[in-house]
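Me: I should like a close look at a single part of this model. Please describe one helix and its surroundings in a connected account.

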Amino acid sequence: MSDDDDDRSPTDHGPEDQLFDRERHIRYLEMNYHILPSFYEAQEINHLTLAYFIISGLHILHALDRIDREAVINWVLSLQAHPKNEDDLNNGQFYGFHGSKSSQFHSVDNAVSVPNNSHLASTYCALAILKIVGYDFSLIDSAAISKSMKHLQRSDGSFMPIYTGAETDLRFVYCAAVISSLLENWSGIDKEKAKNYILSCQSYDGGFGLHPGQESHGGATYCAVASLRLMGFIEDDLVSKCTSSCIIDVPLLLDWCLQRQAVDGGFQGRPNKISDTCYAFWIGGVLKILGASKLLNENTLREFLLTCQSQYGGFSKFPRELPDLYHSYYGFTAFSMLQETDLNSLNIELGISAIHHTLI
Ligand SMILES: [Zn+2]
């Protein structure tokens, strides 16, 4: 792939766009690690998710030495919701992690029930961060998380993100699968029901929608395939192994994914949409799990992504715009899948780097 760098016309892009600029990306993440730009003020509730993009991004870039490991661990643990006693685990609430301090409500002694709005996505991000920094998972009360997570699964197999309700769809089935995988405790999820819900979301065109009957979408398709893989319902490299007995329609899914690579080399989330950096991971990741990544055009994908690489470091959603943490992170994951040098390899299903250490 790197051979192609020499073939590219110097007039196609600015000189700063020619190569993946690892050092500049590290500086971009370091800056966001120390001070989040005011742009993110409105996302206070998603603090853990933003931290996940920064810390996991630094890990992909081989630069985890830039963070204060103890401070990160203490901060993440401070966002955990704890049951007061064993009985609390039956009160219907979820005892996971809060997105930020602002969603924590402190109990008063005579309160009958203090709502805690710990969230499945925040819990996924918290556990991913703790895993990346090498925290000892035997110190986490995984039984409380798994036992209370059960209350979030609906009878149709889908998951609510918080115990008070809100939207239920494939994203939260995926969060529950990752949480169970990271904790190595699957007691919080009825896998058969979850599988049936996922299968009901595969559309006539081969992709998956967020709900049964909805239009296929790149993010939903990733959540479906990664969840099935994490739960052990499908194998890796399905394209070469899968027979007609496979629980999903692989040829149709493969066709839908490959058609999402647009003429500019980038991936679109749905038909007739323009290419967007993040779908290089959402759909590229599905192709990787299916064992079909060799079928996409890596050279043109790389060229598209480099038009979204910011001169300030990070990646933007569309070419030549300002970067944001979400698209930067999925730009880094895409380059990791494209086997850029000096990047950690990915665990595609978990959405983080492969972990080889216990401590840094
Ligand atoms: Zn996007």
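Reply: The following account concerns helix α13 and then turns to the pair α5 and α6. This is a predicted model, in which local features need pLDDT of at least 70, side-chain atom pairs count only at pLDDT 80 or more, and totals for chains, interfaces and linings use all residues. Residues are numbered from 1 along each chain as its sequence is written.

Helix α13 covers residues 325-337; helices here are DSSP runs of H or I with at least four residues, strands are E runs with at least two, and both are numbered from the N terminus. Its end C-alpha atoms are 18 Å apart, which agrees with the 18 Å expected for 13 residues at 1.5 Å a residue, the expected span being 1.5 Å times one less than the number of residues. Of the 13 residues in α13, 11 are buried, meaning that 20 or more other C-beta atoms, placed from the backbone, lie within 10 Å of a residue's own. Among them are L325, H327, Y329, F332 and M337. The cover over these buried residues includes α1 (22-34), α2 (47-60), α11 (279-290), α12 (298-307) and β1 (346-347), where contact requires C-beta atoms, placed from the backbone, within 7 Å. Just after α13, Q339 takes a positive phi of about 60 degrees.

Elsewhere, the axes of α5 (residues 142-149) and α6 (residues 170-183) come within 11 Å and cross at roughly 155 degrees. That makes α5 roughly antiparallel to α6, the term for angles over 145 degrees. In this pair, S142, I145, S146 and M149 of α5 meet A176, I179, S180 and L183 of α6.

Notes:
Axes are lines fitted to C-alpha atoms, for helices over the stretch in contact, and angles run from 0 to 180 degrees between N-to-C directions. Angles under 35 degrees count as roughly parallel, over 145 as roughly antiparallel, 65 to 115 as roughly perpendicular and the rest as oblique. Two residues are in contact if their C-beta atoms, placed from the backbone, lie within 7 Å. A residue is buried if 20 or more other C-beta atoms lie within 10 Å of its own, exposed if 12 or fewer, and partly exposed in between; C-beta atoms are placed from the backbone.
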